[in-house]
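Have a look at the protein below and let your eye wander along the chain. Then we can work through a few questions together.

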Amino acid sequence: MIVWIVIAVVVVLLVLAAVGIYNGLIKLRNLVQEAWRQIDVELKRRHDLIGNLVETVKGYAAHERGTLEDVMKARSAAMAGGQSPAQQAQSEGLLSQALGRLIAVAEAYPDLKANQNFLALQQELTATEDRIASARRYYNANVRELNTKVETVPSNIVANMFGIHREEYFEVQGEERDAVKVDFGQRDATIPPPSGYAAGSGPAATPPPAGQPPASPPTRP
């Protein structure tokens with residue numbers, strides 16, 4: 001009788017442990033899906049902004065047809081449905097490369113660079129890129145935790161029983177690893193001089209030591 005009680009207790013403990021592991025896996029899977037939805041929202045905003053940016057550039061540089069078409073083709077590929085996270089990351093990387101070429105073209109048009117709509121789109125797109133990067137880090141962190149659970153004992157046993165599998169990371173490989181981020185040149189912006197430093201003037205003169213009169217200006221021959 002005692003043996004059966006011990007067996008029953010062990011079985012109950014195993015069931016409870018399996019239920020706890022299963023619930024933990026489901027929670028992680030839901031976090032991964034939620035994180036991906038956040039990325040998807042930001043990517044849709046990115047695609048809309050790029051479309052508007054292309055239309056703005058077209059008004060000033062319509063003859064740059066090749067560059068404009070490259071961006072729109074890459075945008076269409078990135079917007080295609082049914083892509084896995086790895087495929088989406090690759091599409092976004094190619095779109096970023098095409099967008100970089102478009103920004104390089106825009107540098108040759110001063111009127112375009114000064115256009116308020118163009119500047120506003122640049123700022124919004126930069127902010128969107130930052131949000132995508134943040135959402136990607138959150139997503140990848142959850143994917144890493146889920147994949148660890150799926151691959152390690154004993155949670156891998158429960159994962160196999162209920163069909164819970166590894167998820168793909170959202171990151172660009174190789175040279176395109178940072179392609180999702182777009183730099184519009186703010187990093188190279190001129191830093192204004194400190195207050196009181198007149199443009200074109202030399203460095204501030206060093207005051208003479210105490211008790212010594214200031215040097216007289218040189219006289220002309």
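Here are some questions and answers about this predicted model.

Q: How many helices and how many strands does the protein have?
A: Start at the N terminus and follow the elements, which run α-α-α-α-α-α. Counting by type gives zero strands and six helices.

Q: Is Val 12 buried, partly exposed or exposed?
A: First find Val 12, which lies in helix α1, residues 2-60. Val 12 belongs to a nonpolar surface patch together with Met 1, Ile 5, Val 9, Leu 13 and Leu 16. Buried means under 20% relative accessible area and exposed means over 50%. Val 12 has 46% relative accessibility, so Val 12 counts as partly exposed.

Q: Which peptide bond has an omega of about 0 degrees?
A: Look in the loop between α5 (116-151) and α6 (155-161), where Pro 154 is found. The bond there is a cis peptide bond, and the residues joined by it are Val 153 and Pro 154.

Q: Over which residues is the pLDDT below 50?
A: Taken as a whole, the protein has a mean pLDDT of 82, and 77% of its residues reach 70 or more. One stretch, with 31 contacts in the model beyond near neighbours in sequence, has a pLDDT below 50. Where pLDDT is low, the predicted coordinates should not be read in detail. The stretch to treat this way is residues 174-221.

Q: What share of the protein's exposed area do carbon and sulfur atoms supply?
A: Buried residues make up 33% of the 221 residues. The protein exposes about 14,300 Å², and the share from carbon and sulfur atoms is 59%.

Notes. Residues are numbered from 1 along each chain as its sequence is written. This is a predicted model: local features need pLDDT of at least 70, side-chain atom pairs count only at pLDDT 80 or more; totals for chains, interfaces and linings use all residues. Side-chain values use heavy atoms; hydrogens and water are left out. Helices (H or I, at least four residues) and strands (E, at least two) are DSSP runs, numbered from the N terminus. pLDDT is the predictor's confidence in each residue, from 0 to 100. Contact means heavy atoms within 4.5 Å. Patches are made of residues with over 30% relative accessible area and no salt bridge: like charges are joined within 9 Å, nonpolar side chains (Val, Leu, Ile, Met, Phe, Trp, Tyr) within 5 Å. Accessible areas come from the Shrake-Rupley method with a 1.4 Å probe; for residues, only the protein chains shown count as cover. A salt bridge is a side-chain nitrogen of Lys or Arg within 4 Å of a carboxyl oxygen of Asp or Glu. Buried means under 20% relative accessible area, exposed over 50%, partly exposed in between (1.4 Å probe, protein chains only).
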